[in-house]
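Trainee: I'd like a close look at one part of this protein, taken slowly. Could you walk me through it once we have it on screen?

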Amino acid sequence: MEKNSFERLSSLCQAMGVSGEENDVKEILKNGLVGDEWVKDRLGSLFCVKKSNNPNAKTLMIATSLDELGLMVSDYESDGTLKFVALEGISAASLLHQKVLVYTRDHKAYTGVVACNKVRFMEEPSAAIKMDMLVLDMGMTLEEAKNVFTIGDLVSFASECEQLGSDVVMGKQLNTRMMLEAIIEISERLQGHELDFNVAMGGIAQSIVGWRGTKTATYVVQPDSALVLCGFDAAKSSPKITRGNGMCVGVYDKQMLPGKRLLNDFTDQFAVQKSINFYGNDGSFIHKTLKGTPSLSLGVAMNHMGGPRVMASLSDFDDLVEKTVQYILSLNSAKIEEFGYGVNYD
């Protein structure tokens, strides 16, 4: 990864993008993506389209999530701390003692920490922590907190993006923010190439919370096929996927079977790690939208997904970008149309 790309990745990781408030991330995307026209939905998804001169051009969608795991203020406690709800499945063990940023309605950020005032950790280090025991300690009295925060304010993790050694990067929401950087680089690499199909590249809003934006984004893009970029959780993976071993392709998740022709076409051309997951991704909903959109998930193996600090390999990232660009350049509208015809035994 080049220095300017790493700097942009750092900006993406540190940007506020809790579901429903993805504007900071979108601004980085607007300044990075290269194409001919912009397409957006009313939930906040944003795509840049590289247009073909072919009047009968098919459309390939390359997508990932704009948003991130986060929290929402739900009430005030008498001591000035804030109650909250998690906007997606997050473990209490991942939250405790994490530094957070609470954003008010005017987008001003206040620093706090996820705390548990019901346990003395110096005396009870093995105490079991449940989500309803946690609060946000903002260092304020009840009166001060009520003057600053409103129920419904969104909360983001405060986590720096850091390079560890020569090949590992750690940061907030790398499983989608690294994929946004990959899409930006793919859009740059496609410039100067004439394609006989359209390529719509971008990010989907409100995806982390129930994949809401995947439906609306797919309707506005109207793709004939889709490549969905995501992080693949290396923990307890079977077959085993490993950080630093090259890009991954999803062959199954609980909510999606990838388009068989599309899967076979990609894996026949490139050496990849094959991943079986039970947690879905944007492709889980893109593939069953419209008349059906043959979809394939591509990405890299990551560690510590579901927490504030995710780890990934820079060499895996480079492998993902290189092979995805090569694959796109191997396509044409006729092949994209064939992906919708089901498995081929020829």
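Before we zoom in, how many helices and strands does the protein chain have? After that, please take me through the open sheet of 3 strands and whatever packs around it.

Mentor: Happy to, and keep in mind throughout that this is a predicted model. The protein chain has 10 helices and 17 strands. Its radius of gyration is 21 Å, close to the 20 Å that the globule rule gives for 346 residues, so the chain is as compact as a globular protein of that length. Along the principal axes, the C-alpha atoms fill a box of roughly 70 × 40 × 40 Å. Of the 346 residues, 55% count as buried. If you take contacts between residues at least 6 apart in sequence, 76% of them join residues at least 24 apart.

Now for your sheet. It's an open one, with its 3 strands in the order S10-S11-S17 and antiparallel pairing. S10 (162-164) and S17 (310-313) stand at the edges with a single partner strand each, so one side of each has no neighbour in the sheet. On average, neighbouring strands here are turned by 30° against each other, direction ignored.

Take the pairing of S11 with S17 next. S11 covers residues 168-171, and the two strands pair in the antiparallel sense over 4 bridges. If you want a spot to click on, try Val168, whose bridge partner in S17 is Ser313.

Then come the helices. H5 (residues 174-190) packs on the sheet, where it touches S11 and S17, and its direction makes about 40° with that of S17. H9 (residues 314-330) lies across S10, S11 and S17, running at about 60° to S17.

One more helix belongs in this picture, and that's H1. It takes in residues 3-14, and at 1.5 Å a residue its 12 residues should span 16 Å; the end C-alpha atoms are 17 Å apart, which agrees. Its buried residues are Ser5, Phe6, Arg8, Leu9, Ser10, Leu12 and Cys13. As you look at that list, remember that an α-helix has 3.6 residues a turn, so residues three or four places apart point the same way. And what do the buried residues of H1 pack against? They pack against helix H2 (23-32), S10, S11 and H5. That brings us back to the sheet: S10 is one of its edge strands, and H5 is the helix that touches S11 and S17.

Terms used
Residues are numbered from 1 along each chain as its sequence is written. This is a predicted model: local features need pLDDT of at least 70, side-chain atom pairs count only at pLDDT 80 or more; totals for chains, interfaces and linings use all residues. Side-chain values use heavy atoms; hydrogens and water are left out. Two strands pair if DSSP finds at least two bridges between them. Axes are lines fitted to C-alpha atoms, for helices over the stretch in contact, and angles run from 0 to 180 degrees between N-to-C directions. Contact means heavy atoms within 4.5 Å. The radius of gyration is taken over C-alpha atoms; the globule rule is 2.2 Å times the number of residues to the power 0.38. Buried means under 20% relative accessible area, exposed over 50%, partly exposed in between (1.4 Å probe, protein chains only). The expected span of a helix is 1.5 Å times one less than its number of residues.
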